[in-house]
Amino acid sequence: MSLEQYGVFLDPNVEYEWFAAIVPDEKERSADFFGSAVIRYEKPSKEFLEKISAAPKERRQFLYAENGYFYDAVEIVSDLINAGKNPKKFRSHRAALADQVKLPFAAGHDRKMAGK
């Protein structure tokens, strides 16, 4: 999901508090899952943007993650999963990203879907 689709733009070097809710059952709202995080957008350097655009899409997730762009890394790997390009492999990659930021349930779900 792109924030731009919703007319939301983040200013560089500003911290934002981000909230998310998963509603598995509209009739049983006590089963909702909530999460929040503080995020900070930093404008990527020209060199980084050139490196990303030159890299194959299957490798971009690693470049984003190595440079602290977690949400971009997750978006790239999720796009690869949704495109059906070796989804088990890329679910394992997304599980590793979730582990790095201490999201064990998300990591466990992707591992289960990857057959691991």
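The pLDDT is the predictor's confidence in each residue, on a scale from 0 to 100, and the exercises below rely on that score because the structure shown here is a predicted model.

**Exercise 1. Confidence in the model**

Task: Find out which element of the protein has the lowest mean pLDDT and which has the highest.

Solution: Begin with the protein as a whole, which averages a pLDDT of 92, with 99% of the residues scoring at least 70. Then go through the elements, where strand β2 (residues 33-40) has the lowest mean pLDDT, 88, and helix α1 (residues 46-54) has the highest, 97. As a general caution, where pLDDT is low, the predicted coordinates should not be read in detail.

**Exercise 2. The strand β1**

Task: Determine which strand pairs with β1 and in what sense, and decide whether β1 lies largely in the open or not.

Solution: First look at the pairing, in which β1 and strand β2 run in the antiparallel sense and are joined over eight bridges. One pair of facing residues can be picked out, since Glu17 stands opposite Val38 in β2. Next consider burial, for which a residue must have under 20% relative accessible area. Of the eight residues of β1 the number buried is zero, so this strand lies largely in the open.

**Exercise 3. The segment before β1**

Task: Name the residues that make a nonpolar surface patch, and find the phi angle of Asn13.

Solution: The patch is made by Leu3, Tyr6 and Val8, and its area is about 280 Å². Of these residues, take Leu3, which is placed in the segment before β1 (15-22) and is partly exposed, with a relative accessible area of 34%. Asn13 is also placed in the segment before β1, and its relative accessible area of 48% makes it partly exposed. For the angle, recall that most residues other than glycine have a negative phi. Asn13 is not a glycine, yet it has a positive phi of about 65°.

**Exercise 4. A loop residue with a positive phi**

Task: Locate Lys102, give its phi, and decide whether it is buried or exposed.

Solution: Lys102 lies in the loop between α4 (87-100) and α5 (104-114). The phi of Lys102 is near 60°, a positive value in a residue other than glycine. To judge exposure, use the cut-off of over 50% relative accessible area; at 69% relative accessibility, Lys102 counts as exposed.

**Exercise 5. Salt bridges between parts of the chain**

Task: Work out which parts of the structure are tied together by the pair Asp79 and Lys57 and by the pair Arg94 and Asp110.

Solution: Side chains of opposite charge can pair when their charged atoms come close, and a search of the whole structure finds six salt bridges. In one of them the side chains of Asp79 and Lys57 meet, with 4.0 Å from N to O. Asp79 lies in helix α3 and Lys57 in helix α2 (residues 57-66), so this pair ties together parts that are 22 residues apart in sequence. Asp79 is partly exposed at 34% relative accessibility, and Lys57 is partly exposed with a relative accessible area of 35%.

Turn now to the side chains of Arg94 and Asp110, which meet in a salt bridge of 2.6 Å, N to O. Arg94 lies in helix α4 and Asp110 in helix α5, so the pair ties together parts that are 16 residues apart in sequence. Both Arg94 and Asp110 are buried, and a network of salt bridges links Arg91, Arg94 and Asp110.

A further point concerns Ala106, which lies in helix α5 and counts as partly exposed at 38% relative accessibility. The C-alpha atoms of Ala106 and Arg94 are separated by 8.8 Å, and these residues are 12 residues apart along the chain.

**Exercise 6. A contact of Ser78**

Task: Find which backbone oxygen lies 2.8 Å from a polar atom of the side chain of Ser78, and state whether Ser78 is buried or exposed.

Solution: Start by placing Ser78 in helix α3 (residues 70-82). The oxygen in question is the backbone oxygen of Val74, at 2.8 Å from a polar atom of the Ser78 side chain. Finally, Ser78 has a relative accessible area of 14% and is therefore buried.

Terms used: Residues are numbered from 1 along each chain as its sequence is written. This is a predicted model: local features need pLDDT of at least 70, side-chain atom pairs count only at pLDDT 80 or more; totals for chains, interfaces and linings use all residues. Side-chain values use heavy atoms; hydrogens and water are left out. Patches are made of residues with over 30% relative accessible area and no salt bridge: like charges are joined within 9 Å, nonpolar side chains (Val, Leu, Ile, Met, Phe, Trp, Tyr) within 5 Å. Accessible areas come from the Shrake-Rupley method with a 1.4 Å probe; for residues, only the protein chains shown count as cover. Helices (H or I, at least four residues) and strands (E, at least two) are DSSP runs, numbered from the N terminus. Buried means under 20% relative accessible area, exposed over 50%, partly exposed in between (1.4 Å probe, protein chains only). A polar contact is a pair of N or O atoms within 3.5 Å; within protein, one must be able to donate a hydrogen and the other to accept it, and residues adjacent in sequence count only if both atoms are side-chain atoms. Two strands pair if DSSP finds at least two bridges between them.
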